[in-house]
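Got the viewer open? Load the model, switch to cartoon, and keep side chains ready to toggle.

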Amino acid sequence: RGLYTRLSARKNLEYWGALYRLSGAEIRTRSAALLERVGLTERADQRVEEFSRGMKQRLHLARGLMGDARVLFLDEPTTGMDPLAAREFRTLIGELKGEGRTILLTTHDMVEAETVCDRVTLIDRGRILATETPRSLGSLISRFQRIDVENAPADVLSAIEVTTGVSSVSTLAEGTTRIEVTEEGATQVVLKLLVDAGVTSVKTSLPSLEEVYVQMIGERGLVV
């Protein structure tokens, strides 16, 4: 899958450098620099077959940069990495973007999409749901506000549950209820009902991009 596992990390990069017809000096210099950049200097002369999946992912990126590529396609690049390694990898992606490279990234990690992408496309079963900058998605996310309330009367919660634009009313803990809305304007209606009922402990917040995605496509439980 693009790496020769019986060769070392360094030899893999040297091989790809030769395919790009780099000079011997360029190959040695660039290989050493890239191994350091992806954190594999200490494993440079170790066979790739002994690498973890995360280490292989980092070597894949280094391989893609041997020819100084200006456009990179990254498919689930942080799969198999521990949280710290994934964070460092995202930082590296940000650095590459800052160098003027174009990066197309596919990911199921919504935090990753929010963190590193200038533009995000949400796709469900081949259908594009939205294409926006992460900031512009705020207008989409604002439809999916959630309201946490304490000690709301049962009759008020029942009225809220059937209010247009309210997707769910659920209990978080004893005395605490979460109300989720999916339409603009519904939040104001719900807040008025709560205030009129004398509820004083109310907190509104926006969900993460991941939670919005789930709201848009719906839950897909496994059926056995």
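The tour goes from a sheet to two loop residues and then to some aromatic rings.

Before clicking, keep in mind that this is a predicted model, in which local features need pLDDT of at least 70 and side-chain atom pairs count only at pLDDT 80 or more, while totals for chains, interfaces and linings use all residues. Residues are numbered from 1 along each chain as its sequence is written, and side-chain values use heavy atoms, with hydrogens and water left out.

**Stop one: the sheet**

Select β5 to β8 and you get an open sheet of four strands, ordered β6-β7-β5-β8 with antiparallel pairing. Strands pair here if DSSP finds at least two bridges between them; helices (H or I, at least four residues) and strands (E, at least two) are DSSP runs, numbered from the N terminus. Colour β6 (166–173) and β8 (202–205): these are the edges, each with a single partner strand, so one side of each has no neighbour in the sheet. From one strand to the next, the twist averages 20°.

Now zoom in on β5 (residues 146–150) and β7 (residues 176–181), an antiparallel couple joined by five bridges. Pick Ile 147 and look across to β7, where its bridge partner is Ile 179.

Next, show helix α7 (residues 154–161), which packs on the sheet and touches β6 and β7; contact means heavy atoms within 4.5 Å. The direction of α7 makes about 145° with that of β6 (axes are lines fitted to C-alpha atoms, for helices over the stretch in contact, and angles run from 0 to 180 degrees between N-to-C directions).

**Stop two: two loop residues**

Which residue in the loop between β5 and α7 should you click? Go for Asn 151: its phi is positive, about 55°, although it is not a glycine. Then jump to Arg 125, in the loop between β3 (120–124) and β4 (127–132), where phi is about 50°, again without being a glycine. Arg 125 is exposed at 72% relative accessible area, and Asn 151 is exposed at 62% (buried is under 20%, exposed over 50%, partly exposed in between, with a 1.4 Å probe and protein chains only).

**Stop three: the rings**

Show Tyr 4, Tyr 15 and Trp 16, which ring pairs link into a cluster. Rings of Phe, Tyr and Trp (its six-membered ring) pair if their centres lie within 6.5 Å; planes under 30 degrees apart are stacked, over 60 edge-to-face, the rest tilted. Tyr 4 and Tyr 15 are edge-to-face, with centres 5.3 Å apart and planes at 80°. Tyr 15 and Trp 16 are edge-to-face too, at 6.0 Å and 80°.

Finally, add Arg 63: its charged end sits over the ring of Trp 16, 4.9 Å from the centre (NZ of Lys or CZ of Arg within 6 Å of the ring centre and within 35 degrees of the ring normal).
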